[in-house]
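Colleague: I have just opened this entry and would love a friendly tour. Could you walk me through it?

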Amino acid sequence: MAGKTIDLEQLERILPTVRTPGRYVGGEYNSVVKDWDAVSTRVCLAFPDIYDLGMSNLGLMILYDALNELPTVLAERAFLPWVDMIAALRKVEMPLYSLENKRPLTDFDILGVTLPYEQVYTNLLELLDLAEIPIRSEDRDESHPLVIAGGHATFNPEPVSAFVDAFLMGDGEEAMIEAVATYDDTRHDSRRDRLRALAQLSGFYVPAFYDVSYDETGGGSHAGTIAALEVEESEAQLPVVKRIASEMPPAVTQLIVPTIDVSHNRAAIEISRGCTRGCRFCHAGMVVRPVRERAVKEILKATEAILTQTGFEEIGLLSLSPSDYSRIDDLVEAMMERFEDRHLSISLPALRADSFSVRLAEAIAQGRYTGFTLAPEAGSDRMRAMINKTIPSRQVYDVAREVFDRGWQTIKLYFMIGLPGEEMEDVEAIAEMARTVHLIGRRVHGRQAKVNVSVNTFVPKPHTPFQWVPLASSRSIRQKQALLRRELRGRGLKLDYNDPEASLLEAVLARGDRRLNDVVEQAWRLGARFDAWDDQRDFGAWMRAFAKAGLDPDFYAYRKRDQDESLPWDIVNTGVRKRFLWEEYQRSRRRQTLTDCRDGCHACGVLATFGGDRRGEWACPEPEER
């Protein structure tokens with residue numbers, strides 16, 4: 001569809017009036033600007049939050065690189081502007097545009113949207129409306145781009161199923177290339193026929209091809225739950241099996257260099273994908289199985305290319321658990337030795353105390369001290385057994401001592417409250433652990449030692465062993481937060497926690513069904529957007545939206561699910577059996593742990609679904625008899 005053209009002179013008049021105009025101009029080093037008329041298929045990769053966050057999303061960069069490698073395909077970027085730029089664009093009736101060719105989003109064939117977390121759902125609607133694309137799929141015609149969404153939040157696609165034409169479940173590199181080829185083959189067909197063709201691809205879910213009914217009996221534990229899910233088109237799959245890239249794709253080395261400061265202003269290399277630990281609270285750890293690792297030689301080669309082609313001096317080694325990478329010590333030592341003269345700094349996300357090593361700390365310490373983060377998750381050994389994170393408190397203290405001894409003055413600790421079965425003494429154990437780590441630091445650095453404590457409220461997520469449990473009440477969470485405020489006072493201790501209202505909203509959206517589409521739309525029409533931002537979230541708008549839709553948020557957040565309940569996200573098969581998740585839930589209640597998958601397969605189902613003859617390359621030994 002040939003939409004409005006972007007008046008560049010008018011845009012130049014707008015930019016000086018808004019905050020951080022560098023978000024909206026493009027032209028960054030390594031961005032790809034292709035001849036619009038020289039390609040057959042045009043894709044806009046959109047991130048429904050501001051540039052500062054979206055440019056730190058490695059998944060978006062991977063797709064951008066993979067699609068632009070195709071000679072007949074063009075891939076550009078768009079981000080949701082901040083509130084001042086949104087107002088400015090609406091005032092002059094200028095549609096949202098891509099950064100590279102400054103084309104309205106309606107000019108593209110495919111709009112690929114990343115949904116990394118649930119709090120961007122109203123942002124999705126804001127982005128579509130700002131782009132002058134009808135927010136509901138049913139209102140679009142052949143002139144509008146196909147809206148395809150992927151990302152972690154889409155493993156339960158139902159709360160936004162009315163707004164997305166097709167969802168891509170799982171790894172996107174190969175799947176998006178197939179989607180582009182399918183679009184090219186069917187570009188002269190009707191919109192519905194193009195969606196039929198997409199629905200036949202592995203990993204794609206087209207909501208319009210399914211019908212959901214609910215139990216309206218008015219009584220019993222299943223009242224209001226899903227009664228039936230039916231397929232209306234023969235091309236549609238049930239369930240939709242997620243896509244996996246059986247091998248790690250090539251690392252992106254021509255990373256775009258932002259012209260403004262962004263949330264993670266560094267280069268990033270994904271060293272592995274998936275996790276073998278089996279933490280029961282962890283959505284990513286369940287849905288991204290199996291583990292695939294990138295070779296050390298390939299990481300070194302990619303680092304060399306990145307440093308040459310970007311000028312970054314910091315490399316983030318990304319993984320769900322980077323210290324579990326099988327050769328992490330060798331990798332970090334090799335990087336520091338090879339790039340010593342480049343003043344390279346290496347950063348790692350939160351580390352596990354039980355896979356930390358002195359060699360790793362010493363190797364990282366050769367670079368600049370970029371901070372050290374540990375994630376015990378729970379304060380007591382009892383609660384860590386419940387979540388299957390069996391790290392004794394003494395081991396956390398031993399690691400903290402090693403870290404402080406090697407020069408770090410600040411340690412950040414991640415915890416959760418509101419876990420199933422948690423008591424107040426478990427919360428007191430969080431404060432005790434934080435104070436003990438701080439005392440260890442003071443013995444080394446005196447008053448310069450700092451411990452930053454981040455405490456998030458646990459939100460039960462789909463496809464995890466805790467998908468059946470209710471969210472802890474706001475009252476209990478506030479009591480636990482008050483306890484931590486009392487116990488974690490004084491110089492060198494900093495406490496950070498989230499608003500229980502934000503946790504309630506996240507829980508509802510994470511575990512909702514199709515009926516929430518009306519709530520999301522109504523909340524957006526009432527002004528809700530940027531719900532992940534504390535200073536922008538309008539919780540009142542959400543409550544009014546629920547009331548208008550005749551739905552109760554408590555039904556989604558605070559209700560315990562039965563084992564045999566049909567869950568909205570059952571449409572997706574992640575490879576992990578639902579029976580295995582239920583068994584894990586029962587083991588958690590007994591404080592019974594499972595070993596790391598590397599030490600013995602627990603038959604979660606991933607091997608049976610995807611394994612074939614690749615189990616020797618993945619961290620999946622032969623299954624034990626069960």
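Colleague: Which residues in H3 are buried?

Modeller: Happy to start there, and please keep in mind that this is a predicted model. Helix H3 covers residues 58-68 and is mostly covered, with nine of its eleven residues buried. Buried here means under 20% relative accessible area. The residues that qualify in H3 are Leu58, Leu60, Met61, Ile62, Leu63, Tyr64, Ala66, Leu67 and Asn68.

Colleague: Which residue caps the N-terminal end of H3?

Modeller: Look for a side-chain oxygen that lies 3.2 Å from the backbone nitrogen of Gly59. That oxygen belongs to Asn57.

Colleague: Let's step back to the whole chain. What is its radius of gyration?

Modeller: The C-alpha atoms fill a box of roughly 70 × 65 × 55 Å along the principal axes. For 626 residues, a compact globule would have a radius near 25 Å. The chain agrees with that, as its radius of gyration is 24 Å.

Colleague: How many helices and strands are there, and what share of the residues is buried?

Modeller: The chain holds 21 helices and 19 strands. Among contacts with a separation of 6 or more, 77% join residues 24 or more positions apart. As for burial, the share of the 626 residues is 61%.

Colleague: Is Thr574 buried or exposed?

Modeller: Thr574 sits in the loop between strand S19 (572-573) and helix H20 (578-589). Leaving aside neighbours within four places in sequence, Thr574 is in contact with Phe155, Lys242, Val287, His463 and Phe610. Its relative accessible area is 3%, and the cut-off is under 20%, so Thr574 is buried.

Colleague: Which residue's backbone nitrogen lies 3.3 Å from a polar atom of the Thr574 side chain?

Modeller: This pair falls within the 3.5 Å allowed for a polar contact. The backbone nitrogen belongs to Val576.

Colleague: And Ile571, which residues does it touch beyond those up to four places away in sequence?

Modeller: Ile571 lies in the loop between helix H19 (553-557) and S19. At 2% relative accessibility, Ile571 counts as buried. Its contacts, with heavy atoms within 4.5 Å, are Pro157, Tyr205, Tyr210, Leu229, Gln237, Leu238, Pro239 and Val240.

Colleague: One last thing: how many positive and negative side chains are there, and what separates the centres of the two sets?

Modeller: On the surface, the chain exposes about 24700 Å², of which carbon and sulfur atoms supply 46%. For charges, the chain has 78 positive and 96 negative side chains. The centres of those two sets lie apart by 6 Å.

Terms used: Residues numbered from 1 in each chain as written. Predicted model: local features only at pLDDT ≥ 70, side-chain atom pairs only at ≥ 80, totals over all residues. Heavy atoms only, no water. Helix = DSSP H or I, 4+ residues; strand = E, 2+ residues; numbered from the N terminus. Rg over C-alpha atoms; globule rule 2.2 N^0.38 Å. Buried < 20%, exposed > 50% of the residue type's maximum accessible area, 1.4 Å probe, protein only. Areas by Shrake-Rupley, 256 points an atom, 1.4 Å probe, with all protein chains shown as cover. Lys, Arg positive; Asp, Glu negative; His and termini not counted. Charge placed at Lys NZ, Arg CZ, Asp CG, Glu CD. Polar contact = N/O pair within 3.5 Å; in protein donor to acceptor, adjacent residues only side chain to side chain.
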